[in-house]
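I opened a fresh page for this chain and kept notes as I went. Here is what I looked up, in the order I looked.

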Amino acid sequence: MKATVSKEELVSLGFKPNQAKTILHDARQIMVKRGKTFWANPRLQVAPRAIIEKVILGFPLNGGESHGKD
């Protein structure tokens with residue numbers, strides 16, 4: 001599992017494109033507030049998976065794994 005998440009990955013998990021963009025933006029802003037200025041770049045199209053899972057969504061991302069549906 002990668003340490004970052006892209007907009008395309010979030011969309012493939014069922015989020016709408018604008019929701020995915022907002023999630024990435026919010027996660028990057030949290031990192032900037034924590035002193036990680038690397039994440040302040042608005043052209044950066046990824047965000048840390050840990051922040052998205054723990055702080056923003058509150059549940060782990062599966063990365064497109066099967067959910068038991070056939």
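I started just after helix α3, where Gly58 takes a positive phi of about 85 degrees. For helices and strands I use DSSP runs, numbered from the N terminus: H or I with at least four residues for a helix, E with at least two for a strand.

A note to self on the ground rules: this is a predicted model, in which local features need pLDDT of at least 70 and side-chain atom pairs count only at pLDDT 80 or more, while totals for chains, interfaces and linings use all residues. Residues are numbered from 1 along each chain as its sequence is written, and side-chain values use heavy atoms, with hydrogens and water left out.

**Overall layout**

I counted 3 helices and 2 strands in the chain. From the N terminus on, I read the order as β-α-α-β-α. Of the 70 residues, 29% are buried; buried is under 20% relative accessible area, exposed is over 50%, and partly exposed lies in between (1.4 Å probe, protein chains only). I also looked at contacts, meaning heavy atoms within 4.5 Å. Among those with a separation of 6 or more, 49% join residues 24 or more positions apart.

**Helix α3**

Which residues of α3 are buried? In this helix, residues 49-57, I found Arg49, Ile51, Ile52, Glu53 and Leu57 buried. Their cover includes β1 (4-6), α1 (7-12), α2 (17-33) and β2 (46-48).

Glu53 caught my eye, so I checked its number: it is buried, with a relative accessible area of 15%. Leaving out residues up to four places away in sequence, Glu53 touches Met1, Gly58, Phe59, Pro60 and Leu61. Gly58, with its positive phi, is thus on that list.

**The core**

Next I looked up the largest nonpolar core, which has 15 residues. Such a core is a set of buried Ala, Val, Leu, Ile, Met, Phe, Trp, Tyr and Cys residues joined through side-chain atoms within 4.5 Å. The residues with the most contacts inside this core are Leu10, Ile23, Ile52, Leu57 and Leu61. Both α2 and α3 supply at least two residues each, and α2 gives the most, with 5 residues. I followed Leu57 further: not counting residues up to four places away in sequence, Leu57 touches Phe15, Ile23 and Ile52.

**The aromatic pair**

How many aromatic pairs does the structure hold? I found 1. The ring centres of Phe38 and Trp39 are 5.2 Å apart with planes at 80 degrees, so the pair is edge-to-face. The cut-offs I used: rings of Phe, Tyr and Trp (its six-membered ring) pair if their centres lie within 6.5 Å, and planes under 30 degrees apart count as stacked, over 60 as edge-to-face and the rest as tilted.

Are the two partners buried or exposed? Phe38 counts as exposed at 57% relative accessibility, whereas Trp39 is buried at 13%. Phe38 sits in the loop between α2 and β2. Its C-alpha is 9.1 Å from that of Arg28, 10 residues away along the chain.

**Pro48**

My last stop was Pro48, in strand β2. Pro48 counts as buried at 10% relative accessibility. Not counting residues up to four places away in sequence, Pro48 touches Ala3, Thr4, Met31 and Trp39. Ala27 is 21 residues from Pro48 in sequence, yet their C-alpha atoms are 7.1 Å apart in space.
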